[in-house]
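Let's walk through this one with a few quick questions and answers. Have the structure open as you read.

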Amino acid sequence: MEEGSEILQLYEIRYSDLLLLSSSSSSCSHYQEKMIMENLGPTGPGLLAITNVPDASLLRRKLLPLARKLALLSPDDRKRILRDHNLGSDVPLKNPDRNVSSFAMQLKYAQGTEAIESKPSDGVGSHLNLENETMGRISDIEDDVFDNLENMFKALGLCMMEIGLCLARICDTAIGGNELEQSLLESCAAKGRLIHYHSMVDSLVLREAGPKKGSSKRNANNHARSKENLLKGANLDTNGNEVRLCEIHPNLWQQWHYDYGIFTLLTDPMFLLSSHRTTVKSEISNSSGQECASPSGHSFLQVFHPNKNKVLMVKASPESFIVQVGESADILSKGKLRSTLHCVRRPARFENLSRETFVVFLQPAWSKTFSISDYPMESVHHLEQAEEHYFADQDQNALTQEIQKIVPPLSARLKDGMTFAEFSRETTKQYYGGSGLQSNK
């Protein structure tokens, strides 16, 4: 499936309409509620977009370029910046062959605006102590570039969490009950991730900057082969687990998978161009890149639409938020919502193009128990058969035939009475464990 794939233009709803629809006194059109359920339900693609979110555009423009800057920092500088801003990572950042860098933080529903305003937002280095200010002066980077990193991360994350809660309330109203919203609130927290999808140039820079081992002749040979080998490097699925592409699908930034939470919210991605001819020193010292439009006008997010039996390339309005359904929402709604099988494609012929996005994963509490006594498992089997038949019929590219082999079926991972923690562990095991379908062995 190449970049000329059929485009899926997402159904969009304005943020102001979303708030009205989620209000208990809402008298808004039932048409919008119907369209939401059609797009997130079993006959739809399993995702939609939210537009015109106040202040989100500015936060997105300021936060997303920092993903690449963080990815290209020296390990010591990056560790210090992440520590100062209460961020961690869910990929091994010391691995120079990684194709994705991810920087994560737990976001609590109770934080509200107080947490965002808990640190000064003006003044260079105002939240750093004297020791770190001294370190910043002797460092090769300028700390003020990251001065508001934590505040912006929280502000955008909490905004997206509010969108998720509103959408859960609307879906609960259509389904009956309040299972989705209550499950989100009981979890008390969500995970935010600032993600940089490496361009080939970024990856070469990181390899060149990494530790040198062996003879100079061997290093020269390795460098000559690095461009080819990088396409087989470490990836990240949208749940934050590392994936080794091996020979399965080397033109993907993220392998095919389902998210296993309730909703996943993503910013419309930002694309950055770096110089084709660059050095480690120049690229790291000037790591912002130049923002550009998507080469093909879409997000490079691909989804499998079982009702249409097609793989589609997702397109959303600039600066909108994309909402995807996870498997927990599918289970809790008794099949009224449909989880989205998806991947992220690496654009061909653009070796200096990187992709930046910010993602918030909304999930139930780890102790949440799943009951599937009245869950329509026959629809799950039908979906799995549709996926298998589709990918088996794709004779123009042998790699696509492997997709059904690397996505473990829900029916094999879900048992009645499982907690969300048990379900997530079993899912991770079957995708990425020692004998998992996407294991790193």
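Q: How many bridges join β9 to strand β16?
A: This is a predicted model. In it, β9 and β16 (residues 341–345) run antiparallel. His-257 stands opposite His-342 in β16. The number of bridges that join β9 to β16 is three.

Q: Which are the edge strands of the open sheet in the order β1-β14-β13-β16-β9?
A: Five strands make up this sheet, and their pairing is mixed. On average, neighbouring strands are turned by 30° against each other, direction ignored. An edge strand pairs on one side only, and that fits β1 (7–9) and β9 (252–257).

Q: At roughly what angle do the axes of helix α8 and helix α9 cross?
A: Helix α8 covers residues 149–175 and helix α9 covers residues 179–187. Their axes come within 7 Å and cross at roughly 145°.

Q: How many charged residues are in the contact of α8 with α9?
A: On the α8 side, the contact includes Arg-169 and Asp-172, and on the α9 side Glu-179 and Glu-181. By class, the contact also has seven nonpolar residues and one polar residue. The charged ones come to four.

Q: What share of the residues of the protein chain count as buried?
A: The protein chain has 17 helices and 17 strands. Buried here takes a relative accessible area under 20%. Of the 441 residues, the share that passes is 57%.

Q: What part of the exposed area of the protein chain do carbon and sulfur atoms supply?
A: The chain exposes about 18800 Å². Of that area, carbon and sulfur atoms supply 51%.

Technical notes
Residues are numbered from 1 along each chain as its sequence is written. This is a predicted model: local features need pLDDT of at least 70, side-chain atom pairs count only at pLDDT 80 or more; totals for chains, interfaces and linings use all residues. Side-chain values use heavy atoms; hydrogens and water are left out. Axes are lines fitted to C-alpha atoms, for helices over the stretch in contact, and angles run from 0 to 180 degrees between N-to-C directions. Helices (H or I, at least four residues) and strands (E, at least two) are DSSP runs, numbered from the N terminus. Contact means heavy atoms within 4.5 Å. Ala, Val, Leu, Ile, Met, Phe, Trp, Tyr, Cys and Pro count as nonpolar, Asp, Glu, Lys and Arg as charged, and the others, Gly among them, as polar. Buried means under 20% relative accessible area, exposed over 50%, partly exposed in between (1.4 Å probe, protein chains only). Accessible areas come from the Shrake-Rupley method with a 1.4 Å probe; for residues, only the protein chains shown count as cover. Two strands pair if DSSP finds at least two bridges between them.
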